[in-house]
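Let's walk through this model together, following its charged side chains and then the strands that carry them. Please keep the sequence and the 3D view open as you read.

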Amino acid sequence: IFLFVFPTALVPSDRPVPNVVGLMDSDAQRTLRDAGFVVRIGEQRTDQSVPPGTVVRQTPPATTQKPKGAEVVLDVAAP
């Protein structure tokens, strides 16, 4: 009988970043926090095609694998 013990550093803890582009800022922040990420608001961008407060860009992009606690920056449409 063999018993293998792996340190936690070898066990992947990365998770995909949810896609929050198109969501309102408050909903996007909640979604990311619930998934274990830290949220930072980046730039306010002029975008007439979406309502003010809508997330127009996220960094890192959706589906990128990041560890719990990683920062996700949201750029939102300016009022």
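How many salt bridges does the structure hold? There are 5 salt bridges in this predicted model. As general background, side chains of opposite charge can pair when their charged atoms come close.

A good place to begin is helix α1, which spans residues 25-34. Here Asp 27 and Arg 30 form a salt bridge, with their closest N and O atoms 3.1 Å apart. Why is this pairing easy to follow along the helix? Asp 27 and Arg 30 are 3 residues apart in α1, so about one helical turn separates them. As for their surroundings, Asp 27 is partly exposed, its relative accessible area being 32%. Arg 30 is partly exposed as well, with a value of 46%.

Now turn to the strands, and look for Asp 75. Its side chain meets that of Arg 45 in a salt bridge, at 3.0 Å from N to O. Asp 75 belongs to strand β5 (residues 71-77) and Arg 45 to strand β2 (residues 38-45), so this pair ties together parts that lie 30 residues apart in sequence. Is Asp 75 buried or exposed? With a relative accessible area of 6%, Asp 75 is buried, whereas Arg 45 is partly exposed at 29%.

Asp 75 also forms a salt bridge with Arg 57, where the closest N and O atoms are 3.7 Å apart. This pair again links distant parts of the chain, since Arg 57 sits in strand β3 (residues 55-59) and Asp 75 in β5, 18 residues apart. Arg 57 counts as partly exposed, at 42% relative accessibility. Which residues make up the network of salt bridges? Glu 43, Arg 45, Arg 57 and Asp 75 are linked in it.

The backbone pairing of these strands adds to the picture. β2 and β5 pair in the parallel sense over 6 bridges, and Val 39 stands opposite Val 72 of β5. β3 and β5, on the other hand, pair in the antiparallel sense over 4 bridges; there, Val 55 has Val 76 in β5 as its bridge partner. Strand β5 is mostly covered, with 6 of its 7 residues buried. It is also worth recalling that in a regular strand the side chains alternate between the two faces of the sheet.

Let's finish in strand β3, this time with Gln 58. Gln 58 counts as buried, at 6% relative accessibility. What does the side chain of Gln 58 reach at 2.8 Å? It reaches the backbone nitrogen of Val 20. A polar atom of the Gln 58 side chain also lies 3.4 Å from the backbone oxygen of Pro 60. Leaving aside neighbours within four places in sequence, Gln 58 is in contact with Val 17, Pro 18, Asn 19, Val 20 and Val 21, and also with Val 72, Val 73 and Leu 74.

To retrace the route, start from the Asp 27 and Arg 30 pair in α1, move on to the network that links Glu 43, Arg 45, Arg 57 and Asp 75, and end at the buried Gln 58.

Technical notes: Residues numbered from 1 in each chain as written. Predicted model: local features only at pLDDT ≥ 70, side-chain atom pairs only at ≥ 80, totals over all residues. Heavy atoms only, no water. Salt bridge = Lys/Arg side-chain N within 4 Å of Asp/Glu carboxyl O. Helix = DSSP H or I, 4+ residues; strand = E, 2+ residues; numbered from the N terminus. Buried < 20%, exposed > 50% of the residue type's maximum accessible area, 1.4 Å probe, protein only. Polar contact = N/O pair within 3.5 Å; in protein donor to acceptor, adjacent residues only side chain to side chain. Contact = heavy atoms within 4.5 Å. Pairing = 2+ DSSP bridges.
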